[in-house]
Amino acid sequence: HEPEGESVSPVFLQVELNTIASSMGSHASNAAGLHAFMLGRYVAGVDDTAKALQDHFGLGAKPDAFSEHLPANPSLTHIPAALAKAHAVYGGKPGAVVLFVVQGTERNFADQRFLEFSLWERHKVPVVRKTLAQIAAEGSMDSATGRFCLGGVEVSVVYYRAGYEPEDYPSDSEWGARLMM
């Protein structure tokens, strides 16, 4: 942020801190890489931007030391690891999947796909993405074992990326799917 007035130096501000949701976890990891790139690219210069960055981070004659001031953001490692741990603790049949409950008009698919890919690449846990309407049509609960299946495939973990707003429940079938899970 660059305050108004010629004599005031630019300052760095935190824009948002979300302590509840894991949404945007992969984007946050990617943003950390972008910050490292941008600082590495611009801190080494001799212009006013470089000087402001060097002064802010107290780098003096060591502009390469900026990376010591950047926190790591391992959310793209930790969120899939937590889902994989829940999957392992569940102890279901081989072939069980993690279910991502998504909206039919999902716009945040990129963040979710990074989590899905990381869950598979690092832990070999498959993900299935379904809307509440699809779950209502394909889901079943074994009354004897309490195991939830989609089209005959056992679900170990349900990860809700939808179902938080009234619009996610346009009919009783979506409510039925939620209750079944």
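How much accessible surface does the chain have, and what share of it belongs to carbon and sulfur atoms? In this predicted model, the accessible surface of the chain comes to about 11600 Å², and 57% of that belongs to carbon and sulfur atoms. The chain has 181 residues, of which 32% count as buried. As for contacts between residues at least 6 apart in sequence, 66% of them join residues at least 24 apart.

On to the secondary structure. The chain holds six helices and five strands, and reading along the sequence gives the pattern α-α-α-β-α-β-α-β-β-β-α. The five strands make up an open sheet with mixed pairing, in the order β2-β1-β5-β4-β3. At the edges stand β2 (127-130) and β3 (139-141); each has a single partner strand, so one side of each is left without a neighbour in the sheet. Direction ignored, neighbouring strands of the sheet are turned by 45° against each other on average.

Strand β5 (153-160) is a good place to look at the pairing in detail. As a general point, strands of a sheet pair through backbone hydrogen bonds, either parallel or antiparallel. On one side, β5 runs parallel to β1 (residues 97-101), and five bridges join the two strands. Within this pair, Phe100 stands opposite Tyr159 of β5. On the other side comes β4 (residues 148-150), which runs antiparallel to β5 and is joined to it by two bridges. Here Cys149 is the residue standing opposite Glu154 of β5. The hairpin of β4 and β5 has two residues between the strands, and Gly151 there takes a positive phi near 55°. Lys124 also has a positive phi near 55°, in this case in a residue other than glycine; Lys124 sits in the loop between α4 and β2.

What packs against the sheet? Helix α3 lies across β1 and β5, and runs at about 145° to β5. This arrangement leads on to the nonpolar cores. In soluble globular proteins, nonpolar side chains tend to be buried together. The largest nonpolar core in the model has 13 residues, and the ones with the most contacts inside it are Leu83, Val98, Phe100, Leu115 and Leu119. At least two residues of this core come from each of α3 (75-90), β1, α4 (109-123) and β5, with α3 giving the most, at four residues. Leaving aside residues up to four places away in sequence, Leu83 touches Phe100, Leu119, Val157 and Tyr159. Another core lies apart from this one; it has eleven residues, including Ile135, Leu150, Val155 and Ala162.

Not every residue of α3 is tucked away. Ala81 is found in this helix, yet with a relative accessible area of 31% it is partly exposed, because that value falls between the 20% and 50% cut-offs. In space, Ala81 is 8.8 Å from Ser118, C-alpha to C-alpha, although the two are 37 residues apart in sequence. Just ahead of the helix, Pro74 lies in the loop between α2 (48-57) and α3. Pro74 also counts as partly exposed, at 38% relative accessibility. Its C-alpha atom is separated from that of Ser29 by 6.3 Å, with their positions 45 residues apart along the chain.

Finally, there is the stretch that follows β5. Arg161 lies in the loop between β5 and α6 (172-180). Is Arg161 buried or exposed? Arg161 is buried: its relative accessible area is 11%, which is under the 20% cut-off. The side chain of Arg161 makes a polar contact with the side chain of Tyr159, at 3.1 Å. Tyr159 thus turns up in several places in this account, because besides that contact with Arg161 it stands opposite Phe100 across the β1 and β5 pair and is touched by Leu83 of the largest core.

Methods:
Residues are numbered from 1 along each chain as its sequence is written. This is a predicted model: local features need pLDDT of at least 70, side-chain atom pairs count only at pLDDT 80 or more; totals for chains, interfaces and linings use all residues. Side-chain values use heavy atoms; hydrogens and water are left out. Buried means under 20% relative accessible area, exposed over 50%, partly exposed in between (1.4 Å probe, protein chains only). A polar contact is a pair of N or O atoms within 3.5 Å; within protein, one must be able to donate a hydrogen and the other to accept it, and residues adjacent in sequence count only if both atoms are side-chain atoms. Two strands pair if DSSP finds at least two bridges between them. A nonpolar core is a set of buried Ala, Val, Leu, Ile, Met, Phe, Trp, Tyr and Cys residues joined through side-chain atoms within 4.5 Å. Contact means heavy atoms within 4.5 Å. Accessible areas come from the Shrake-Rupley method with a 1.4 Å probe; for residues, only the protein chains shown count as cover. Axes are lines fitted to C-alpha atoms, for helices over the stretch in contact, and angles run from 0 to 180 degrees between N-to-C directions.
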